[in-house]
2 protein chains.
Amino acid sequence: MTEKDFLKVTTLKVVLKLIFALPSVGEEVLASDQSVGRILARDVFSGIDLPEFSRATMDGYAVQARSTFGASESMPALFTIVGSVEMGEIPTVSVEPGQAVRIATGGMLPQGADSVVMVEHTQALDEHTLEVFKSGAPLQHVMEAGEDFKKGEKVLARGSPIRPQEMGVLAALGQTRVEVYRQPVVAIISSGDEIVPIEQTPGLSQLRDVNAHTLAGLVPLSGGIPRYLGIAKDNFDDLDRLCRQALAEADMVLISGGSSVGSRDFTLEVLQGLPDSEILVHGVSVSPGKPTILARCGKKAVWGIPGQVTSAMVVFHVMVRPSIQRICGLCEDELGKINEVPAVLSRNLASVQGREDYVRIRLLRRGGGLCAEPILGKSGLIHTMVKADGLIRIDRDSEGLEEGAEVKVMLF
Amino acid sequence: MTEKDFLKVTTLKVVLKLIFALPSVGEEVLASDQSVGRILARDVFSGIDLPEFSRATMDGYAVQARSTFGASESMPALFTIVGSVEMGEIPTVSVEPGQAVRIATGGMLPQGADSVVMVEHTQALDEHTLEVFKSGAPLQHVMEAGEDFKKGEKVLARGSPIRPQEMGVLAALGQTRVEVYRQPVVAIISSGDEIVPIEQTPGLSQLRDVNAHTLAGLVPLSGGIPRYLGIAKDNFDDLDRLCRQALAEADMVLISGGSSVGSRDFTLEVLQGLPDSEILVHGVSVSPGKPTILARCGKKAVWGIPGQVTSAMVVFHVMVRPSIQRICGLCEDELGKINEVPAVLSRNLASVQGREDYVRIRLLRRGGGLCAEPILGKSGLIHTMVKADGLIRIDRDSEGLEEGAEVKVMLF
């Protein structure tokens with residue numbers, strides 16, 4: 001394809017803008033302990049002070065800090081031990097100046113105490129007498145009521161992913177259920193007379209349906225649920241039927257194959273015939289991946305993805321993945337989250353101006369850093385993807401990169 | 001805890017060595033299209049040449065390259081069009097010198113042809129006559145039979161994770177099923193008289209069982225299946241009973257809580273009483289996370305994890321996660337895989353020599369790079385983990401790090 005061709009097509013930046021206009025799928029309510037990786041559909045506010053009581057964060061003695069002022073190894077402060085607090089117990093004693101109450105990590109601070117002296121800085125002379133060897137400060141080794149979250153405070157934001165720590169917050173607030181965005185169903189259609197199901201031995205000139213399987217792996221990693229609808233033969237009716245089924249059952253449609261001139265036109269024809277459809281993109285200025293199609297049918301995105309396996313994967317990583325994340329409700333901040341590592345390029349790489357080139361990279365440790373070794377090879381060769389750890393982008397206005405250049409590797 | 005205490009305890013390096021000695025769980029057979037994220041239990045060899053036939057990688061004309069030698073815009077080479085190859089069709093024509101056969105991307109190369117001329121570099125004068133404007137080379141725009149994988153070649157290695165591209169390889173080879181390591185079941189036990197289930201409103205001095213929920217989120221992200229067994233009260237029989245149940249049902253056991261001096265001894269006592277048990281580690285020179293216990297019961301690891309929520313998460317990230325990955329069968333190379341990003345520290349950070357300090361970090365974009373902003377706060381405060389994107393390590397022999405230092409952030 002020539003440079004001129006690329007001037008007619010859409011830039012990735014414009015494609016990403018179109019993606020951000022897609023509406024998110026609906027919401028559902030889920031058990032909190034099953035919610036890891038899902039996206040919050042509502043802000044979460046704390047209904048309580050967390051913790052609800054002031055607690056010791058060390059094993060030791062609850063005291064009034066001022067009673068320890070000036071204490072040292074050579075000049076210990078003397079305390080009277082007036083009781084102890086067991087874990088999970090409400091203290092029955094209170095602490096006056098010069099008094100100490102034995103307390104374990106997590107124990108509830110007794111009335112009057114404002115500080116905990118670590119057991120390592122004390123020596124009990126007998127059952128009732130304690131030496132303290134270190135001067136403490138108010139709130140030392142104490143977690144105050146409301147120090148983690150105050151009642152009414154917004155603690156988690158809509159559009160952010162639920163990680164294990166967010167699950168912990170929900171648990172701390174007693175939220176056994178959580179409102180999240182539904183996982184979008186992403187229909188996968190393969191197209192082409194030459195494509196056969198993988199369990200079939202391909203005849204001479206036929207190919208197994210590899211893309212359906214790479215896409216079935218990529219979709220869940222982006223937050224979607226893959227639904228494979230099968231292989232459409234190269235005729236209008238077959239692809240039209242599967243597309244209509246996909247739009248009825250799924251939130252997004254991926255059609256792979258049909259990237260040759262003839263079948264591309266053919267896919268376009270089917271897409272244009274779908275109800276309330278609009279071709280948004282026909283060709284993107286990235287390589288590999290130029291013959292990508294993006295259509296809107298109603299409020300759903302339908303992608304036409306190249307048939308070559310590595311082209312299909314690159315297109316998925318740079319365009320389809322953010323579109324799935326977008327309809328999953330992920331906020332824009334998180335969409336741009338860091339999944340890149342810097343590395344030093346191992347060799348010169350040429351590129352064509354006017355398009356973004358994506359090059360497969362294997363990462364090698366070299367010295368304290370990482371070396372990015374380009375994996376070259378035709379875009380139909382899947383072994384190049386197996387060897388690769390990620391991709392680098394060469395910008396549209398660049399003629400290439402030199403050996404030793406600092407690059408950012410988008411990890412798979 | 002004093003510096004002296006840390007000298008009695010185990011270093012992380014030794015803990016990781018102990019982890020690598022754990023045996024992996026058994027194998028199972030899975031549908032290939034459900035295998036993303038799983039670990040291969042066997043090497044995979046190709047039973048076929050891939051592709052099985054030589055194919056065009058561009059739309060154009062199949063020719064003998066030598067017939068194009070010397071062709072240019074001003075001096076086109078003339079060809080006779082002798083037929084065409086449809087996708088999925090076995091060519092019925094063969095190509096002699098000076099002859100061309102129309103072919104689409106993915107089409108099977110006809111006998112005699114060794115090269116494809118892109119359609120953009122040609123002009124058909126009539127149905128039978130073609131001008132070619134560019135000199136081609138043998139194998140140009142052709143993917144040869146066996147170029148991706150040769151029959152008998154090892155294509156995927158035992159112990160490596162199945163990513164979407166590995167699923168693609170399995171599909172290309174017609175492998176609908178794949179042998180993977182079973183996902184280990186990881187039992188989660190919480191302990192402590194003060195801990196109540198999250199659906200319960202904690203009485204004054206009680207706490208909801210937060211750790212069970214953060215661990216239920218962390219375990220699947222490491223490849224395991226969490227199984228929550230409930231809360232053990234602070235008595236020997238209760239914890240002993242749950243531990244025996246856990247060892248019967250699970251491949252690994254996590255006991256959180258019991259990190260205070262009294263309950264720590266108590267947990268030790270239970271672990272020592274289990275059949276064929278050995279305490280491997282009692283205290284690790286990391287902070288937070290010092291009071292960690294690792295025992296071996298039969299061939300299974302039992303972890304005692306601190307009760308403080310952030311300590312528990314740090315211990316999980318630096319020790320428990322690699323131990324789960326190890327018994328999942330992940331090879332050592334992959335265990336050390338890059339999940340770190342470099343950043344510049346935003347402020348000075350003090351540390352105690354003789355232990356590894358783990359500091360929670362928020363990443364901010366600054367200029368072209370990343371700024372690592374430490375999140376300070378008590379290890380019981382879960383909001384510090386919600387704000388954090390990852391952890392940095394301060395080495396045992398360091399007294400701290402200075403503002404502007406280059407750090408590596410382990411991403412959550």
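Student: Which residue in strand 25 of chain B is the bridge partner of Arg362(B)?

Tutor: The partner is Glu373(B). Before going on, note that this is a predicted model, in which local features need pLDDT of at least 70 and side-chain atom pairs count only at pLDDT 80 or more, while totals for chains, interfaces and linings use all residues. Residues are numbered from 1 along each chain as its sequence is written, and chains are lettered from A and ligands numbered from 1 in the order in which they are written.

Student: What makes strand 24 and strand 25 of chain B a pair?

Tutor: Strands are DSSP runs of E of at least two residues, and helices are runs of H or I of at least four, numbered from the N terminus. Two strands pair if DSSP finds at least two bridges between them. Strand 24 (residues 356–366) and strand 25 of chain B have six bridges, in the antiparallel sense, so by that definition they pair. The two strands form a hairpin with two residues between them, and Gly367(B) in the turn has a positive phi of about 60 degrees.

Student: Which strand of chain B pairs with strand 25 (residues 369–374) in the parallel sense?

Tutor: Strand 22 of chain B does, over two bridges, and one of its residues, Leu345(B), has Ala372(B) as its bridge partner in strand 25 of chain B.

Student: Why is Gln272(B) called exposed?

Tutor: A residue is buried if 20 or more other C-beta atoms, placed from the backbone, lie within 10 Å of its own, exposed if 12 or fewer do, and partly exposed in between. Gln272(B), which lies in helix 6 of chain B, has 11 other C-beta atoms within 10 Å, so it is exposed. Leaving out residues up to four places away in sequence, Gln272(B) touches Ser277(B) and Ile279(B), where touching, or contact, requires C-beta atoms placed from the backbone to lie within 7 Å.

Student: Why is helix 3 of chain A described as largely enclosed?

Tutor: Nine of the nine residues of helix 3 (residues 164–172) of chain A are buried, so the helix is largely enclosed by the rest of the structure. Among the buried residues are Gln165(A), Glu166(A) and Met167(A). The cover includes strand 11 (154–156) and strand 12 (177–181) of chain A, together with strand 15 (207–208), helix 4, helix 7 and helix 9 of chain B. Just after helix 3 of chain A, Gly174(A) takes a positive phi of about 75 degrees.

Student: What makes the relation between chain A and chain B that of a two-fold axis?

Tutor: Copies are superposed by least squares on the C-alpha atoms of residues with pLDDT of at least 70 in both. A rotation of 180 degrees with 0.0 Å of shift along its axis superposes chain B on chain A, with RMSD 0.1 Å, and that is the relation of a two-fold axis. In chain B, the C-alpha nearest the axis is that of Val341(B), 2.9 Å from it. The same surface serves both copies, as 100% of the contact residues of chain B recur in chain A.

Student: How many residues does each chain bring to the contact, and of which classes are those of chain B?

Tutor: Each of chain A and chain B supplies 74 residues. The side of chain B that touches chain A has 35 nonpolar, 23 polar and 16 charged residues, where Ala, Val, Leu, Ile, Met, Phe, Trp, Tyr, Cys and Pro count as nonpolar, Asp, Glu, Lys and Arg as charged, and the others, Gly among them, as polar.

Notes:
Contact = placed C-beta atoms within 7 Å.
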